[in-house]
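User: I am new to this structure and would like a close look at a single part of it. Please begin with the cysteines, and then describe the links and strand pairings around them.

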Amino acid sequence: MADPVEGSKPAPPAAKAGTATATPPAPPPAAKPAAKPAAKKGENADPPDPMRRRVIWGMIYGYLGINLLMFLRFFFPRALYEPNTIFNIGYPADFSLGIDQRYLMTNRVWIIREPDRIFVIFARCTHLGCTPEWKASENKFKCPCHGSGYDSEGVNFEGPAPRPMDRAHIALDATGKIIVDTSRLYMDDPRAGVNQFNDSGAYLPV
């Protein structure tokens, strides 16, 4: 065995077989990140969300707007605008023989001109109050609701209608024009023994 050289460190002894090697020392733990400085009192850490503010203000303005409309609606009257029950339909010479429907949409009446008279049928089915239709090809009024049928004079002949349609009051004014009043109706009810179709005002002789 050679002698160690002067000034050199002796080599560490070799590990014997079967013995565990020395474990290297563990690395030091990593340093924790520095904590964020606490926000001062009265300051927000994050800026406010502008979209959230818009939604909240939109809901507030919507609520106030609806209440304003309800308040304004109070000052307008809740009236039903119905056509006048008394109206002028012109002169007797303005109507030819047959069924005239020019006032059906505005006043719910048919003007019936016959050779010797004019009368006005109020367009309301006597079954449940629907508005019948004039079927010129079948020469009859037909109710679209339950099939009641009336002839050209408004007299029922088929379906559930219990009696003829009513007729409106008709008269001439001082100028010779025809005045119709749908608030005064004449009826024919065979079950009650009432027939007002020949009363004065139920027709106009011509």
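Analyst: A disulfide is a pair of cysteine sulfur atoms within 2.5 Å of each other. By that criterion, the structure holds one disulfide. The model is a predicted one, in which local features need pLDDT of at least 70 and side-chain atom pairs count only at pLDDT 80 or more, while totals for chains, interfaces and linings use all residues. Residues are numbered from 1 along each chain as its sequence is written, and side-chain values use heavy atoms, with hydrogens and water left out.

The disulfide joins C130 to C145, with an S to S distance of 2.1 Å. The link of C130 and C145 is left-handed, with -105 degrees about the S-S bond. C130 lies in the loop between strand 4 and strand 5, and C145 in the loop between strand 6 and strand 7 (149-150), so the bond ties together parts that are 15 residues apart in sequence. Strands here are DSSP runs of E with at least two residues, and helices are runs of H or I with at least four, numbered from the N terminus.

How far the two partners are covered is described by relative accessible area: buried means under 20%, exposed means over 50%, and partly exposed lies in between, with a 1.4 Å probe and protein chains only. On this scale C130 is buried at 19%, whereas C145 is partly exposed at 38%.

A further pair of cysteines deserves attention. Why are C125 and C143 not joined? The sulfur of C125 has its closest cysteine sulfur in C143, at 3.9 Å, which is too far for a bond. The same distance of 3.9 Å applies from C143, whose closest cysteine sulfur is that of C125. C125 is buried, with a relative accessible area of 4%, and C143 also counts as buried, at 4%.

Charged side chains supply further links. A salt bridge is counted where a side-chain nitrogen of Lys or Arg is within 4 Å of a carboxyl oxygen of Asp or Glu, and this rule gives a count of ten. One of them joins D166 to R124, where the closest N and O atoms are 3.4 Å apart. D166 is in the loop between strand 8 (156-158) and strand 9 (167-172), and R124 is in the loop between strand 4 (117-122) and strand 5 (133-135), so this salt bridge ties together parts that are 42 residues apart in sequence. D166 is buried, at 8% relative accessible area, while R124 is partly exposed, at 32%.

Another salt bridge is formed by the side chains of K140 and E158, at 2.8 Å from N to O. Because K140 belongs to strand 6 (residues 140-142) and E158 to strand 8, the pair ties together parts that are 18 residues apart in sequence. K140 is buried, with a relative accessible area of 12%, and E158 is partly exposed, at 26%.

A third example is the salt bridge between R191 and D189, with the closest N and O atoms 3.5 Å apart. Here R191 is exposed, at 65%, whereas D189 is buried, at 9%. Salt bridges that share partners also join E138, K140, K142 and E158 into one network, and K140 and E158 are the pair described above.

The loop that holds R124 comes between strand 4 and strand 5, and this leads to strand 4 itself. Six of the six residues of strand 4 are buried. On one side these are R117, F119 and I121, and on the other I118, V120 and F122, with both faces covered.

What pairs with strand 4? Two strands are said to pair if DSSP finds at least two bridges between them. Strand 3 (residues 109-114) runs antiparallel to strand 4 and is joined to it by six bridges, with I112 opposite F119. A hairpin of two residues connects strand 3 to strand 4. Strand 13 (residues 204-205) pairs with strand 4 in the antiparallel sense over two bridges, and L204 in strand 13 stands opposite I118. Strand 9, also antiparallel, is joined to strand 4 by two bridges, and there V120 stands opposite A168.

From strand 9 the pairing continues to strand 10, antiparallel over six bridges, where R167 has Y186 as its bridge partner. Five residues lie between the strands in this hairpin, and G176 takes a positive phi near 90 degrees. Strand 10 (residues 178-186) in turn pairs with strand 1 (residues 86-90) in the antiparallel sense over four bridges, with V180 as the bridge partner of F87.
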